[in-house]
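User: Could you take a close look at one helix here and then follow the packing outward from it? I'm at the bench, so plain talk is fine.

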Amino acid sequence: MGKRVITFGTFDIFHIGHVNILERCASLGDHLIVGISSDELNMSKKDRYPLYKESDRVKIVQSLSFVDEVFIEHSLEAKRKYLEFYRADILAMGDDWKGKFDMFNDICDVIYFPRTPSVSTTEIIEIAKNL
């Protein structure tokens, strides 16, 4: 059986940085699972709701040919449960999370990828506000 890779994110205002990180995640195995932060989880993490509602963000990520499964992540505290439920061999995240998920090395490999330089949803929102 091939390697199962899981990653998590909000994926709001989908951009090239999202494509790059998801492609890198997919390259690590044979089955890519993406946990998308619920609207409420995003509000608790970033103190704002995403601009795209969760059903739209799910549809966008599901449309990518290299994504095999998508689910809504409702709780940061449930990461271990998600990893176990989806039988993840690898947890892959952007390096802005470096070290934050090392405690899961007991059940899967944890890999951090560099982010695409100067592309972030927060920056895009700020630029758009100032237009």
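Analyst: Glu40 and Ser44 are the exposed residues to look at on one side of helix α2, exposed being over 50% relative accessible area, buried under 20% and partly exposed in between, with a 1.4 Å probe and protein chains only. Bear in mind that this is a predicted model, where local features need pLDDT of at least 70 and side-chain atom pairs count only at pLDDT 80 or more, while totals for chains, interfaces and linings use all residues. Residues are numbered from 1 along each chain as its sequence is written, and side-chain values use heavy atoms, leaving out hydrogens and water.

Now flip α2 (residues 39–46) over: Asp39, Leu41 and Asn42 are buried. Looking down the axis, the buried residues of α2 fall within an arc of 160°, so they line one face of the helix; that arc is taken from the directions from the helix axis to the C-beta atoms. Helices (H or I, at least four residues) and strands (E, at least two) are DSSP runs, numbered from the N terminus. The cover over the buried residues of α2 includes β2, α3 and β3. Right after α2 comes aspartate 47, with a positive phi near 60°.

Take α3 next. Its buried residues are Arg57, Val58 and Val61. They sit within an arc of 100° seen down the axis of α3, so they too line one face of their helix. These buried residues pack against α1, β2, α2 and β3.

β3 also brings in glutamate 73, which is found in that strand. At 1% relative accessible area, glutamate 73 is buried. Contact here means heavy atoms within 4.5 Å. Setting aside neighbours within four places in sequence, glutamate 73 is in contact with Leu41 from our helix, as well as Phe8, Gly35, Ile36, Ser37, Ser38, Lys79 and Tyr82.

Some of those contacts lead to the aromatics. What makes a ring pair? Centres of Phe, Tyr or Trp rings (the six-membered one for Trp) have to lie within 6.5 Å; planes under 30 degrees apart count as stacked, over 60 as edge-to-face and the rest as tilted. A search of the whole structure turns up 7 aromatic pairs. In one of them, phenylalanine 8 and phenylalanine 71 have ring centres 5.9 Å apart and planes at 90°, so they go down as edge-to-face. This pair links distant parts of the chain, with phenylalanine 8 in β1 (residues 4–9) and phenylalanine 71 in β3 (residues 69–73), 63 residues apart. Phenylalanine 8 and phenylalanine 71 are both buried. Phenylalanine 71 also pairs with tyrosine 82: the centres are 5.0 Å apart and the planes at 40°, so this one is tilted. It links β3 to helix α4 (residues 79–85), where tyrosine 82 sits, 11 residues away from phenylalanine 71. The relative accessible area is 8% for phenylalanine 71 and 14% for tyrosine 82. Phe8, Phe71, Tyr82, Phe85 and Tyr86 form one aromatic cluster.

The charged end of lysine 79 sits over the ring of phenylalanine 8, 4.0 Å from the ring centre. To qualify, NZ of Lys or CZ of Arg must be within 6 Å of the ring centre and within 35 degrees of the ring normal.

Back to α3 and β2, this time for the nonpolar packing. A nonpolar core is a set of buried Ala, Val, Leu, Ile, Met, Phe, Trp, Tyr and Cys residues joined through side-chain atoms within 4.5 Å. The largest has 17 residues, and Leu22, Leu32, Val34 and Val61 have the most contacts inside it. At least two residues of this core come from each of α1 (16–27), β2 (31–37), α3 (54–62) and β4 (90–94). α1 gives the largest share, 4 residues. Apart from this core lies another, of 16 residues, including Ile6 and Val110.

Finally, β4: 5 of its 5 residues are buried, so the strand is largely enclosed by the rest of the structure. Ile90, Ala92 and Gly94 are on one side, Leu91 and Met93 on the other, and both faces are covered. Strands count as paired if DSSP finds at least two bridges between them. β4 runs parallel to β1 over 2 bridges, with isoleucine 6 bridged to leucine 91. β4 also pairs in the parallel sense with β5 (residues 109–113), over 5 bridges, where methionine 93 has tyrosine 112 as its partner.
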